[in-house]
Each structure stands twice: as C-alpha cells, then as structure tokens.
Amino acid sequence: PEIAEDVILLFNQLTGYVATADYRKLIVAPARLQPFMIERIDRETQNQLAGKRGRVVAKVNGLLEPMVVQALYRASQAGVPVDLVCRGVCALRPGVPGVSENVRVVSLVGRFLEHARVFAFFSGEETRVFMGSADMMVRNLDHRVEVVAPIRDPACRREIETSLELALTDTALAWSLDAEGEWSRITPANGVEALDSQEALMRNARST
C-alpha cells in the first residue's frame with residue numbers, strides 16, 4: 001500500500017497536481033536517487049571497516065555516473081566485494097591495484113536483452129534489494145524522472161538474488177572487463193559444461 005500511494009504521488013507530481021512529494025518507499029530521481037545509491041554503497045564500506053561482512057551487487061545497462069563510480073572504488077578499497085553485471089558502457093575499471101581490486105564486472109550477451117536494473121546490498125545477515133528503471137548514468141540520475149523501489153517480499157528477494165548469482169557465474173554468455181577497459185569472453189574450465197544463465201532462468205520458470 002505504501003508503494004502504491006507513492007506511485008499516486010509520483011503521477012500527481014508529474015501532472016502538476018503536487019509541487020513536491022514526500023515519498024515513503026520509492027526512491028525517485030532526479031532529487032533523491034543518486035545520493036541514495038551513494039549512501040547505500042558507503043554504508044557497506046563502513047560496515048566492512050567495522051568488521052561486518054559487506055557486499056554490493058548491481059545489474060544495470062550502463063555505469064557512467066562519476067560519484068557512484070567513486071563510491072564503488074571506496075567500497076573496494078575498504079575490502080567490500082563489488083559484483084557488477086553491466087551490459088553496456090562501464091566507466092569503472094575493475095582490478096586496478098590499490099583502487100578496485102575487489103570489483104568484478106561482467107556483461108551478458110545472449111538470446112534475451114539483459115535489461116534489468118537491480119541493486120543488492122548485503123550487510124552481515126541483512127540483505128536489501130531494490131529494482132527499478134534507472135541506470136547509473138548522469139542522464140538517468142540528474143536529468144530524468146526514474147524510480148527505484150525496495151523488494152520487501154522474502155520470496156521475491158530470494159528469486160532476484162538467485163538471478164543475480166546465475167548472471168555472475170555464467171560461462172556461456174558472459175564477458176569480463178579488465179583494468180585496461182578490454183572485454184574478454186568467459187569460458188568454463190576444461191571438462192566443465194558451460195552455464196547459460198538465461199537457459200537456467202527459463203528452466204526455473206518452466207518448473208514453477
């Protein structure tokens with residue numbers, strides 16, 4: 001109900017009936033989304049420094065927003081594992097010594113267009129998952145109305161986490177970005193069958 005009421009506020013704001021809106025659950029660009037993402041990443045950085053296990057996982061089309069990139073670099077330098085599934089352009093360079101050694105970036109190119117935007121933050125035993133319309137790019141965060149919402153249902157959250165892990169372990173469709181900005185194909189180890197994450201998702205869907 002709270003998310004639905006936020007959506008009503010959003011459309012009233014877009015149509016001019018509401019000058020400003022105080023959203024309870026939605027995170028809306030351009031006013032709030034960029035600082036929210038940086039706050040969540042920095043929170044994992046602080047958790048890691050305090051001895052709590054932190055992790056950041058995101059799935060986007062593009063990553064170009066400089067402040068978000070800097071926040072991810074800070075997280076990596078604090079020891080936070082950062083796993084990114086970024087289908088297109090990515091300004092962040094993983095694996096740079098002293099800068100991004102704990103960052104991994106993969107891209108999936110297969111039968112289906114990888115178009116989801118999902119953000120997961122793991123703090124010890126607590127997991128927060130968000131999904132929405134926004135890529136981590138200046139045009140999305142600063143110049144558009146974009147919306148990200150929390151995933152509160154535990155079953156839905158587990159399903160999204162499974163999808164993210166499948167994407168990160170794909171050895172059939174995945175490409176890996178290196179510190180020089182070059183992409184290379186990920187292949188399975190000798191004698192190991194390739195994992196196609198899209199095929200796995202289709203099998204999961206047929207079995208439910």
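1. Which element gives the most to the lining of the largest pocket? In this predicted model, the answer is α5, with 5 residues. Helix α5 spans 154–169, and α6, at 197–207, is the other element named as supplying at least two residues of that lining.

2. The largest pocket has a volume of about 290 Å³. Its lining counts 18 residues, and those closest to the centre are K59, E114, A116, S163 and L201. Sorted by class, the pocket lining holds 11 nonpolar, 4 polar and 3 charged residues.

3. The largest nonpolar core is made of 33 residues. Within this core, L33, L63, L72, L84, L92 and M136 have the most contacts. Two or more residues come from each of β1 (27–29), α2 (33–49), β2 (54–60), α3 (66–77), β3 (82–86), β4 (103–108) and β5 (118–123). Helix α3 provides the largest share, 6 residues.

4. M136 deserves its own entry. Leaving aside residues up to four places away in sequence, M136 touches M37, V60, G62, L63, L64, E65, V68, F119 and L141. L63 is also listed, like M136, among the core residues with the most contacts.

5. A second core, separate from the one above, has 16 residues. Among them are V57, V118, I151 and L168.

6. The search for aromatic pairs over the whole structure gives 2. In one of them, the ring centres of F36 and F130 are 5.1 Å apart and the planes stand at 75°, so the pair is edge-to-face. This pair links distant parts of the chain: F36 belongs to helix α2 and F130 to strand β6 (residues 126–132), with their positions 94 residues apart in the numbering. Both F36 and F130 are buried.

7. The other pair joins F121 and F130, whose ring centres lie 6.2 Å apart with planes at 65°, so this pair too is edge-to-face. F121 is buried, at a relative accessible area of 2%, and F130 is buried at 6%. F36, F121 and F130 together form one aromatic cluster.

8. How many cavities of 30 Å³ or more are there? The count is 2. The largest cavity holds about 100 Å³ of space. Its lining consists of M37, I41, V56, A58, V60, L63, V68, L72, L84, F119, F121 and M136. By class these are 12 nonpolar residues, with no polar and no charged ones. F121, a member of the aromatic cluster, is thus also part of the lining of the largest cavity.

9. Which elements each supply at least two residues of the lining of the largest cavity? They are α2, β2, α3 and β5. Strand β2 gives the most, with 3 residues.

10. The second largest cavity contains about 30 Å³ of space. K59, V60, V85, C86, R87, L108, E114 and A116 line this cavity, and β2 and β3 each supply at least two of the lining residues. By class, the lining has 5 nonpolar, no polar and 3 charged residues. V60 lines the second largest cavity and also the largest cavity. K59, E114 and A116, which line the second largest cavity, are also among the residues closest to the centre of the largest pocket.

Conventions
Residues numbered from 1 in each chain as written. Predicted model: local features only at pLDDT ≥ 70, side-chain atom pairs only at ≥ 80, totals over all residues. Heavy atoms only, no water. 1 Å grid on protein atoms, 1.4 Å probe; cavity = no way out; pocket = protein on both sides within 12 Å on 5 of 7 lines; lining within 4 Å. Points joined across faces, edges and corners; volume = space filled by probe spheres on them. Helix = DSSP H or I, 4+ residues; strand = E, 2+ residues; numbered from the N terminus. Nonpolar A, V, L, I, M, F, W, Y, C, P; charged D, E, K, R; others polar. Core = buried A, V, L, I, M, F, W, Y, C linked by side-chain atoms within 4.5 Å. Buried < 20%, exposed > 50% of the residue type's maximum accessible area, 1.4 Å probe, protein only. Contact = heavy atoms within 4.5 Å. Phe/Tyr/Trp six-rings, centres within 6.5 Å; stacked < 30°, edge-to-face > 60°.
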